[in-house]
Structure formats: structure tokens, C-alpha cells
Amino acid sequence: MRLTSTANAWIDWMRPKHLDQVLDIEAESFDEPWDENEFLQHTTDPYCFGLALLRRTPLSTDQVMAFAVVRRKLKSWRLLNFAVLKSARRQKVGSALMEEIKHRHRAAHLLGITGPWIADDVDEENLQMQLFLRSHKFQAKRITRNGHGAGIDTYTMVFKQPKQQRKA
Ligand SMILES: CC(C)(COP(=O)(O)OP(=O)(O)OC[C@H]1O[C@@H](n2cnc3c(N)ncnc32)[C@H](O)[C@@H]1OP(=O)(O)O)[C@@H](O)C(=O)NCCC(=O)NCCS
């Protein structure tokens, strides 16, 4: 569990108790949202993990502000799903979650468990995610025709961990 710069917020594993709120964010974010089974399949897959950015509320349940599902591969990590609660966008909530993913990925890379890349396949029409990823130093590396079906091309956007600074 790690605190974030967002007030009263922290990042933790995505747990079954978060699923209802995650499904609501998913539904308001995508035309073809994942269902409960897809989330459960991915978050119980040993090569994947889910993170949730949570905010304490006066009510007993914590509020899910954003979530991510990430696949760990030998050469890279891949973002499989990433979304922020609509009413919380443009407040750096997504940035706090992305910084956490980069932080965990850097640790895994320095341990030699994975390569230096984090990748995401983004629909050509999803300008907000492309701009968000660019603000986090991702670059478009490849275009896949009809990547997500329905005639929509996808851009594979990639972040590369900077080389470790040598001590003088
Ligand atoms: C894309 C998304 C994750 C961004 O989350 P967010 O919390 O709003 O992003 P942040 O506030 O951290 O934004 C960081 C920077 O990204 C860029 N950015 C983010 N959203 C943007 C938008 N709608 N238009 C232009 N730039 C945007 C800006 O540079 C922004 O910095 P600024 O606000 O100082 O200008 C969010 O809009 C979302 O959940 N979209 C729907 C789900 C989705 O498309 N997921 C991707 C699937 S591949």
C-alpha cells in the first residue's frame, strides 16, 4: 500500500470488494466494457495484477478513483486496462496510478525480472489516452490495422525506463 500525492488517497491491490465500483468506472469509460469474469480472470492470473487508487470517504467503504490491470511479461509489462472515475479526471489521479506502475516496473527491471518497457495498445480514436501516455513519456512505436476489431486501428505506445545513473 502506498500513499499518493492525491489528498486522502492511496494505491492498493485491486480486490474482489472493489469490483462493483471498478465495473461502474469500466462501464462509463468504454463502449465495450469488460465484465466481471474478465476482471476475475485477469486479476487471478499469476502473470497479471490489478491496482486500485482508493480514497477514504466518510462512509465505511473506500471509493475507487481509478484502476489498472497489468500483465507482467519477460520482455515488458503491458497495460491491459486503465481507467479513472469520470468525475475525477484531469486531477492527476491517472498520473498517480501510472507513477506507481512505473515505480513497480522499475524495481522489477532492476532485479532483472523484466525488460525496460511498459506498453499499451490504444485505439486510434482515444486521443485522451494518447495524450495522457505522451505526458508520461510513452511514444507511439507501432500501428496495428484493425487492432481491436471493428475496423479500428491501434497504436502501441511504449515507455522505456531510463538507464540507471552511474555514480561519479
Ligand atoms: C486517459 C485517462 C486515464 C487520464 O486520466 P486522468 O486522471 O484524467 O489524467 P491526469 O489528470 O493524470 O492527466 C495527466 C496529463 O495527461 C494529459 N491528459 C489527460 N487527459 C487528457 C484529455 N482529456 N485531453 C488532453 N490531455 C489530457 C494532460 O497532459 C494531463 O496533464 P494536464 O492536466 O496538466 O494538462 C482518463 O481520461 C480515462 O480514464 N479515460 C477513459 C479510459 C481510457 O480511455 N483508458 C485507456 C484504455 S487504453
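**Ser95, the ligand shell and the strand pairs**

User: Where does Ser95 lie in this predicted model?
Analyst: Ser95 sits in helix H3, which spans residues 93–110.

User: Why is Ser95 called partly exposed?
Analyst: Ser95 has 17 other C-beta atoms within 10 Å. Buried needs 20 or more, and exposed needs 12 or fewer. The count of 17 falls in between, so Ser95 is partly exposed.

User: Which residues are the closest to the ligand?
Analyst: Arg89, Gly94, Ser95, Gln128 and Leu131 are the closest, in a shell of 19 residues. Strand E5 (76–84), H3, strand E6 (117–123) and helix H4 (127–135) each give two or more residues to that shell.

User: What makes H4 stand out in the shell around the ligand?
Analyst: H4 gives 5 residues, the largest share.

User: How do the residues of the shell divide by character?
Analyst: The shell has 8 nonpolar, 7 polar and 4 charged residues.

User: How do you know that strand E2 and strand E3 pair?
Analyst: Pairing takes at least two bridges. E2 (residues 9–13) and E3 (residues 48–55) have 5 bridges, so they pair, in the antiparallel sense. Asp12, for one, has Ala52 in E3 as its bridge partner.

User: What makes E3 and strand E4 a pair?
Analyst: The cut-off is again at least two bridges. E3 and E4 (residues 63–72) have 8, so they count as paired, also in the antiparallel sense. Leu53 stands opposite Ala66 in E4.

Definitions and conventions: Residues numbered from 1 in each chain as written. Predicted model: local features only at pLDDT ≥ 70, side-chain atom pairs only at ≥ 80, totals over all residues. Helix = DSSP H or I, 4+ residues; strand = E, 2+ residues; numbered from the N terminus. Near = placed C-beta within 6 Å. Nonpolar A, V, L, I, M, F, W, Y, C, P; charged D, E, K, R; others polar.
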